[in-house]
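Trainee: Could we go through this structure together, with one question at a time and the reasoning laid out before each answer?

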Amino acid sequence: GKFKEINGYRIRIYFSNAQNAREASMAAAQLFQSHFAGCNIYRRFISPNFKVTVGDFRTKSEALAYLEAVRADFPAAFIVREKINCTY
């Protein structure tokens with residue numbers, strides 16, 4: 001399918017510049033994947049932070065609903081505005 005980038009929301013489940021951040025960000029991504037299969041995961045290094053962001057939500061209310069579920073595993077998760085991948 002084709003993708004276009006639109007303004008939307010994602011959920012940041014991890015970000016850190018700690019010494020173990022590379023491993024910890026991978027662990028966070030794997031934990032997320034095991035609980036929320038089928039949700040896109042974006043892992044990035046933007047110096048000095050490793051960031052793990054999930055989902056592609058068109059509306060803030062969609063993102064908020066998902067955030068509720070995610071918070072059980074990632075209590076510090078929060079919503080970020082980002083360009084998202086929209087299939088069409």
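Trainee: Against which elements do the buried residues of helix 1 pack?

Mentor: In this predicted model, the buried residues of helix 1 are Ala21, Ser25, Ala28, Ala29 and Phe32. They cover an arc of only 95° around the axis, so they sit on the same side of helix 1. The elements that these buried residues pack against are strand 1, strand 2, strand 3 (49–57) and helix 2 (60–70).

Trainee: Which residues are exposed on the other side of helix 1?

Mentor: A residue is called exposed when its relative accessible area is over 50%. On the side of helix 1 other than the one holding the buried residues, that description applies to Glu23, Gln30, Gln33 and Ser34.

Trainee: How far apart are the end C-alpha atoms of helix 1?

Mentor: Helix 1 runs over residues 21–35 and has 15 residues, which at 1.5 Å a residue should span 21 Å. The model agrees with that expectation, because the distance between the end C-alpha atoms is 21 Å.

Trainee: Which elements give two or more residues to the largest nonpolar core?

Mentor: The largest nonpolar core has 20 residues, and those touching the most other members are Ile11, Ile13, Tyr14, Phe32, Val70, Phe74 and Ala77. The elements that contribute two or more residues to this core are strand 1, helix 1, strand 3 and helix 2.

Trainee: With which residues is Tyr14 in contact, leaving aside its neighbours within four places in sequence?

Mentor: Tyr14 is one of the core residues that touch the most other members, and its contacts also include residues listed above as buried in helix 1, among them Ala21, Ser25 and Ala28. With the neighbours within four places in sequence set aside, the contacts of Tyr14 are Ala21, Ala24, Ser25, Ala28, Phe50, Lys51 and Val52.

Trainee: What separation in sequence does the salt bridge of Arg10 and Glu82 span?

Mentor: The side chains of Arg10 and Glu82 meet in a salt bridge, with N to O at 3.0 Å. Arg10 belongs to strand 1 (residues 3–16) and Glu82 to strand 4 (residues 78–87), so the pair ties together parts of the chain whose separation in sequence is 72 residues.

Trainee: Is Glu82 buried or exposed?

Mentor: The cut-off for the buried class is a relative accessible area under 20%. Glu82 has a relative accessibility of 17%, and therefore counts as buried.

Trainee: How far apart are the closest N and O atoms of Glu82 and Arg44?

Mentor: Glu82 in strand 4 and Arg44 in strand 2 (residues 41–46) are 38 residues apart, and their pairing links distant parts of the chain. Arg44 counts as partly exposed, with a relative accessibility of 38%. In the salt bridge that joins Glu82 to Arg44, the closest N and O atoms are separated by 3.9 Å.

Trainee: Which residues are linked in the network of salt bridges?

Mentor: Glu82 also forms a salt bridge with Arg12, whose closest N and O atoms lie 3.1 Å from each other, and Arg12 is buried at a relative accessible area of 10%. The count of salt bridges comes to four. The residues linked in the network are Arg10, Arg12, Arg44, Asp56 and Glu82.

Trainee: With which side chain, besides that of Arg10, does the side chain of Asp56 make a polar contact?

Mentor: Asp56 has its place in strand 3, and its side chain makes a polar contact with the side chain of Arg10 at 2.7 Å. A polar contact, likewise at 2.7 Å, joins the side chain of Asp56 to that of Tyr42.

Conventions: Residues are numbered from 1 along each chain as its sequence is written. This is a predicted model: local features need pLDDT of at least 70, side-chain atom pairs count only at pLDDT 80 or more; totals for chains, interfaces and linings use all residues. Side-chain values use heavy atoms; hydrogens and water are left out. Helices (H or I, at least four residues) and strands (E, at least two) are DSSP runs, numbered from the N terminus. Buried means under 20% relative accessible area, exposed over 50%, partly exposed in between (1.4 Å probe, protein chains only). The expected span of a helix is 1.5 Å times one less than its number of residues. The arc is that of the directions from the helix axis to the C-beta atoms. Contact means heavy atoms within 4.5 Å. A nonpolar core is a set of buried Ala, Val, Leu, Ile, Met, Phe, Trp, Tyr and Cys residues joined through side-chain atoms within 4.5 Å. A polar contact is a pair of N or O atoms within 3.5 Å; within protein, one must be able to donate a hydrogen and the other to accept it, and residues adjacent in sequence count only if both atoms are side-chain atoms.
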